[in-house]
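Okay, everyone has the sequence and the structure up, I hope. Let me walk you through what I found interesting, and stop me whenever you like.

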Amino acid sequence: MLSAPWPARRPRSRPARAALLLAAALASLPSPAAANGVFPSADQLVFDPADPARAVARMTYGLLTTQDGGASWRWICEGAVGYDDTGGQAPPIAAAAGGRVLAALGDGLVVGAEGGCAWTGAEELAGKAVVDLSVRQGDPSHAVAVAAGDRHVLWASRDGGASWARAGTPLPAGFQARTVDVAPSDPRRVYVSGLESAAGSVKGSLARSIDGGETWETATVPGSTTSREPYIAGVDPLDADVLYVRIASAPGRLFVSTDGGASFESAFETQGFVRAFAISPDGATVAVGSDIDGVFRAPSSTLAFERVSGIAPRCFAWTEAGLYACASEFLDGFTIGLSRDGGATFAPLLQQACIGGPLECAASTAVGALCPSDWPRIALMTGHKDCTPDAGSPAAGSVASGSAGASAVSGTGGAGGTTAVSGGGGASADSGAGAGAGGVPGVPGGGAAPSAADGCGCGAAGAGAGWAGVVAVAGLAAAIARRRAAGRAPLRPSA
């Protein structure tokens, strides 16, 4: 049974108050702090299907990659991948078989190999605007992509992105794709969301194929228009008929279909954007993240959501290790974190000041040739420091997570994503080999604010002084706002 629609609510004071202090702090920073016109952050995270310790995060200034479960991160510049941040591009990425990373660009599709050092374009899609791509969960050799044109066209790969071929017939005339996904439980079931023009009007629509793209059917997504475009949030891993679609706008909404996209019901509403969504690997639980209301979790059988955390997630990825989140480092103390309790608490895996530098690659590769010369700009923008764990700093690795209650997680700063022990909704203190990124323990419902004493147990380098000041100001703003909000009852669905 679906939960009742959420009542209209005024935005919480936490983001508004923190944003004012954040804006003031940013004004004091040199211009490289937002070199491409947006604040440095992560908004997509994908994992190597053959090695869960390897992951790639899409940042607003390129890609970051880890090969040790998040204990360390290295930077891949945009130029090596084949795009330029000045245009505000955010290419969709996916992890496929053979350790390949796929990226959809406005002039083709590129494939990253050799651990992310070498990037080459897929010849079959050269010059085509690739709108979106996806790798089928459970079969990383099967990838799909949608390319724009007079009629948008589905492309498919059966060798992890090494080669591509057109799949079936073009999408219906007047259909402009936005996202694509293939059902984990049925390789011939493909969903594409987008906008459909008909009879002089434009509406949000979902195109469905049950035969790998040979034929298509479309259905209207409720409440979606050109200013409220529909995006596929996820497809149930066990039932190809169950999929979730989010509306890209504020107020935000999440819809669910249980009949393969023929009809939709409202599942969740929020005052802010629905930026993050994930389904647990067993399909039993779904998580939704709002930039205003926090993290909500529900059984997929009822979709009765409950608020479990106050962080402001920008993306989710749910693996056997737990629920990963991209968050606002200024407000929540980390850029990427891992939760082992379904989103109630998060242990930090990435704080941007601790990026280890460019990915080490041979000079003959795109990364080795292009990225080192651009690293000083990124180091300045992120406030780069030496984040080697300091054995003499007992505070290293501690964090207060964004849960409803106060919880402190402490770790050694070494194991990254391999171990992250977290507490529940009440007051608790757990220890383990954490992510090695720190914060301000004991802030109710708050995030972690890195500093020279806490965090990685490291001292700030000269370039990081401005960043550290911003983090301190924003962390204080978040702490104050969260303290004021701590006494409020958690949001609940209406009857």
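Let me begin with a question: is the link of cysteine 354 and cysteine 387 left-handed or right-handed? It's left-handed, with -65 degrees about the S-S bond. Before I go on, please keep in mind that this is a predicted model.

So, staying with that pair: the sulfurs of cysteine 354 and cysteine 387 are 2.1 Å apart, and the two form a disulfide. Cysteine 354 sits in the loop between strand 28 and helix 4, while cysteine 387 sits in the loop between helix 4 and strand 29, so the bond ties together parts that are 33 residues apart in sequence. Cysteine 387 has a relative accessible area of 18%, and because buried means under 20%, cysteine 387 counts as buried.

How many disulfides does the structure hold? There are 4, and I'll talk about two others. Quick reminder for anyone still on their coffee: a disulfide is a covalent bond between the sulfur atoms of two cysteines.

One of the others joins cysteine 117 to cysteine 361, with an S to S distance of 1.9 Å. The link of cysteine 117 and cysteine 361 is left-handed, at -80 degrees about the S-S bond. Here the sequence separation is 244 residues, because cysteine 117 is in the loop between strand 7 and strand 8 and cysteine 361 is in the loop between strand 28 and helix 4. Cysteine 117 and cysteine 361 are both buried.

Then there's cysteine 315 with cysteine 326, sulfur atoms 1.9 Å apart. That link is right-handed, with 45 degrees about the S-S bond. Cysteine 315 belongs to strand 25 and cysteine 326 to strand 26, so this disulfide ties together parts that are 11 residues apart in sequence. Cysteine 315 and cysteine 326 are buried too.

Okay, on to helix 4, residues 366–382. Its 17 residues should span 24 Å at 1.5 Å a residue, and the end C-alpha atoms come out 23 Å apart, which agrees. There is a kink, though. Where does it lie? At tryptophan 375, shortly before proline 376, and the kink is about 45 degrees. Right after helix 4 you reach glycine 383, with a positive phi of about 70 degrees.

The buried residues of helix 4 include Cys371, Trp375, Ile378 and Thr382. In an α-helix there are 3.6 residues a turn, so residues three or four places apart point the same way.

That brings me to the inside. Nonpolar side chains tend to be buried together in soluble globular proteins. In this model the largest nonpolar core has 43 residues, and Leu45, Leu64, Trp75 and Trp119 are those with the most contacts inside it. Which element gives the most to this core? Helix 4 does, with 6 residues. Have a look at tryptophan 75: its contacts include Leu64, Pro358, Cys371, Trp375 and Ile378. A second, separate core has 17 residues, among them Val130, Ala145, Ala147 and Val153.

If you're looking around there, find glycine 79, in helix 2. Glycine 79 is partly exposed, at 44% relative accessible area. Between glycine 79 and aspartate 374 there are 9.6 Å in space, C-alpha to C-alpha, and 295 residues in sequence.

Quick stop at strand 17. With 5 of its 7 residues buried, strand 17 is largely enclosed by the rest of the structure. Strand 17 runs antiparallel to strand 18, and 6 bridges join the two. If you want a landmark, glycine 234 is opposite tyrosine 244 in strand 18.

Last bit: backbone oddities. Most residues other than glycine have a negative phi, and most peptide bonds are trans. Two residues to look at here are glutamate 114, with a positive phi of about 55 degrees, and leucine 303, also with a positive phi of about 55 degrees. Are they buried or exposed? Glutamate 114 is exposed, with a relative accessible area of 58%, whereas leucine 303 is buried at 3%. Glutamate 114 is in the loop between strand 7 and strand 8, and leucine 303 is in the loop between strand 23 and strand 24. And then there's a cis peptide bond between alanine 250 and proline 251, with omega about 0 degrees. Proline 251 is in the loop between strand 18 and strand 19.

That's my tour. Over to you!

Key: Residues are numbered from 1 along each chain as its sequence is written. This is a predicted model: local features need pLDDT of at least 70, side-chain atom pairs count only at pLDDT 80 or more; totals for chains, interfaces and linings use all residues. Side-chain values use heavy atoms; hydrogens and water are left out. Helices (H or I, at least four residues) and strands (E, at least two) are DSSP runs, numbered from the N terminus. The expected span of a helix is 1.5 Å times one less than its number of residues. The bend at a residue is the angle between axes fitted to the seven residues ending there and the seven starting there. Buried means under 20% relative accessible area, exposed over 50%, partly exposed in between (1.4 Å probe, protein chains only). A disulfide is a pair of cysteine sulfur atoms within 2.5 Å. Two strands pair if DSSP finds at least two bridges between them. A nonpolar core is a set of buried Ala, Val, Leu, Ile, Met, Phe, Trp, Tyr and Cys residues joined through side-chain atoms within 4.5 Å. Contact means heavy atoms within 4.5 Å.
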